[in-house]
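Good morning, everyone. Please bring up the model on your screens and turn it as I talk.

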Amino acid sequence: MTALPADIDTLVVGAGQAGVAMSEHLSAAGVPHLVLERDRIAERWRTGRWDSLVANGPAWHDRFPGLTFTDLAPGEFADKNRIAAYFEDYAARFSAPIRTGIAVESVRRRPGESGFVVETSQGTLIAQRVVAATGAFQKPVIPEIAPDTPTLHQLHSSAYRNPEQLPAGGVLVVGSGSSGTQIADELLRAGRDVYLSVGPHDRPPRSYRGRDFCWWLGVLGLWDAETAGAEEAHVTIAVSGAHGGHTVDFRELAHRGMTLVGRTRAFDDGQVAFDDDLAANLARGDENYRALLDAADAYVARYGLDLPPEPEARRMAAQPQCVSQPRRRLDLEKADVRTVIWATGFASDYRWLAVDAVDAAGQPRHHRGVGTEPGVYFLGLPWLSHRGSSFIWGVWHDARRIADHIVTRRAYFGQGDDVEAAADPATAETPAHATASR
Ligand SMILES: Cc1cc2nc3c(=O)[nH]c(=O)nc-3n(C[C@H](O)[C@H](O)[C@H](O)COP(=O)(O)OP(=O)(O)OC[C@H]3O[C@@H](n4cnc5c(N)ncnc54)[C@H](O)[C@@H]3O)c2cc1C
């Protein structure tokens, strides 16, 4: 195996889509760099998710600009293995300098010198800059209310693979974002009794007037939103590309036999208590759904687009009994519920990054991906710079901007070929975060 270089200009940690995009832009800009990945390229797509997962966005949308999914129709949804293969192919196109099977164990500022000391599972190197592209979905979060009941099988959605993996019996799925909803639907189709604990959510229509919601978010400028609304950041989005793609409709799931319940509040003595918020949460989701239809109709009218009206999209299924008479408690044994799946999200994990750009709570401190510690960058985080930042297509644009920032910074220190260009006020882009340090 080739030894690691002793030093490198820019180190990218992680070779998911964020690391691959970063490498493409750094390559195009001629910045010497190395990508270290502890597993394989796009490992989370390969092994970190359930077996039947497909992309939530259609093939024309959930991709990088430079390569299409040649074997899929634009409106099809790539399965997770196809997505992993896509990023592997993508990296090969420009011979991305990715080294797999090497974990970055720590990154520390070099005292009195520029750059960082990087400890890896295969030795130490010095890097002038570090881009953390380790993903937003690192540590599964299971809330503290999870009971300590050995007879109850509990797992996080990231550990769910397929219905056969679970013990026989009913399942309570906690969380109604894309993961919780899709897993609950799969279990229902597999003949399980399913209870789905529904919290506040947005649920865009899969498509409207012949266009996918990804298209609507694009033309309406909603992907570009730079800050999440007060509630938005904490609200999950329920959308699905499964079975050819469909709108997530909780009432329809209930009419097919799923029992919807409110937010899970507590476990006590074999019983689960739910909040009395199911109807309100569904109403909020409906409001969000209708708001997108209204915005789309207004857009069609304003620009005189020839898109077929779709009045049936506004028809809602009848309120199921589990919503009109919501269950506030569930006796797990009586209901034969033997599994709880926590589809309750993820937290970040930057323990390896011992620099000033990570606060005491382990949260990255940055502005649009540029860390508060000069030379440190973050990529792939939700709302890093806009709504699209943690999604496939959006991370590519953030990576380009961060590469530009790196190029400008390098020029100040005479490391690049473009020192004079950067020194010329007519051509230099003044970096927003330029400081006297590298
Ligand atoms: C269930 C699920 C479904 C999703 N579906 C979609 C979708 O359909 N469309 C979409 O656009 N987005 C989707 N996303 C969001 C996002 O696109 C994915 O989470 C994507 O995997 C994020 O890519 P990333 O490169 O930022 O991070 P990751 O894919 O998590 O890649 C990070 C990489 O860093 C490596 N790594 C971590 N720490 C270290 C270390 N210390 N040293 C070396 N390597 C390290 C990891 O092994 C990993 O390969 C989904 C997310 C989830 C959770």
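Start with the hairpin made by E16 and E17, where 2 residues sit between the strands. Look at the turn. Aspartate 269 is there, and its phi is positive, about 55 degrees. Keep in mind that this is a predicted model.

Now the strands on either side of that turn. E16 covers 264-268, and E17 covers residues 271-274. E16 and E17 run antiparallel, and 4 bridges join them. Two pairs are good to find on screen. Aspartate 268 has glutamine 271 in E17 as its bridge partner. Threonine 264 stands opposite phenylalanine 274, again in E17.

What holds strands of a sheet together in general? Strands pair through backbone hydrogen bonds, and the pairing is either parallel or antiparallel.

Back to our model. Which strand does E17 pair with, besides E16? E17 also pairs with E18, in the antiparallel sense, over 3 bridges. Find glutamine 271 once more. Its bridge partner in E18 is aspartate 331. On the E16 side, glutamine 271 is the bridge partner of aspartate 268.

Put those pieces together. The result is an open sheet of 3 strands, in the order E16-E17-E18, with antiparallel pairing. Which strands are at the edges? They are strand E16 (264-268) and strand E18 (329-331), each pairing on one side only. From one strand to the next, the twist averages 20 degrees.

Next, a pocket. I am taking the second largest one. Its volume is about 260 Å³. How many residues line the second largest pocket? There are 14, and Thr151, Leu152, Leu332, Glu333 and Val337 lie nearest its centre. Two elements give two or more residues to this lining: our edge strand E16, and strand E19 (337-342). Sort the lining by class and you get 5 nonpolar, 4 polar and 5 charged residues.

Now the enclosed spaces. How many cavities of 30 Å³ or more are there? The count comes to 2.

Take the largest cavity. It holds about 60 Å³ of space. The residues lining it include Thr181, Gln182, Asp185, His246 and Arg256. Helix H4 (178-189) and helix H6 (250-255) each give two or more residues to that lining. H4 gives the most, with 3 residues. By class, this lining has 2 nonpolar, 5 polar and 4 charged residues.

Then the second largest cavity. About 30 Å³ of space lies in it. Its lining is His201, Arg203, Asp249, Phe250, Arg251, Leu282 and Asp286. Which helices supply at least two of those residues each? H6 and helix H7 (278-303) do. The classes here are 2 nonpolar, 1 polar and 4 charged. Click on Asp249 while you are there. Asp249 lines the largest cavity, and Asp249 also lines the second largest cavity.

Let me move to one leucine. Leucine 217 is found in helix H5, residues 213-219. Is leucine 217 buried or exposed? Its relative accessible area is 9%, so leucine 217 counts as buried, because the cut-off for buried is under 20%. Now pick tyrosine 299 as well. In sequence, leucine 217 and tyrosine 299 are 82 residues apart. In space, they are 11 Å apart, C-alpha to C-alpha.

Last topic, cysteines. A disulfide is a covalent bond between the sulfur atoms of two cysteines. How many disulfides does the structure hold? The number is 0. Two cysteines are still good to look at. Cysteine 214 has a relative accessible area of 4%, so cysteine 214 is buried. Cysteine 322 has a relative accessible area of 15%, so cysteine 322 is buried too.

That is the tour. Before you close the file, go back to the hairpin and find aspartate 269 in the turn. Then follow the strand order E16-E17-E18 across the sheet.

How values were computed. Residues numbered from 1 in each chain as written. Predicted model: local features only at pLDDT ≥ 70, side-chain atom pairs only at ≥ 80, totals over all residues. Heavy atoms only, no water. Pairing = 2+ DSSP bridges. Axes fitted to C-alpha atoms, helices over the stretch in contact; angles between N-to-C directions. 1 Å grid on protein atoms, 1.4 Å probe; cavity = no way out; pocket = protein on both sides within 12 Å on 5 of 7 lines; lining within 4 Å. Points joined across faces, edges and corners; volume = space filled by probe spheres on them. Nonpolar A, V, L, I, M, F, W, Y, C, P; charged D, E, K, R; others polar. Disulfide = S-S within 2.5 Å. Buried < 20%, exposed > 50% of the residue type's maximum accessible area, 1.4 Å probe, protein only.
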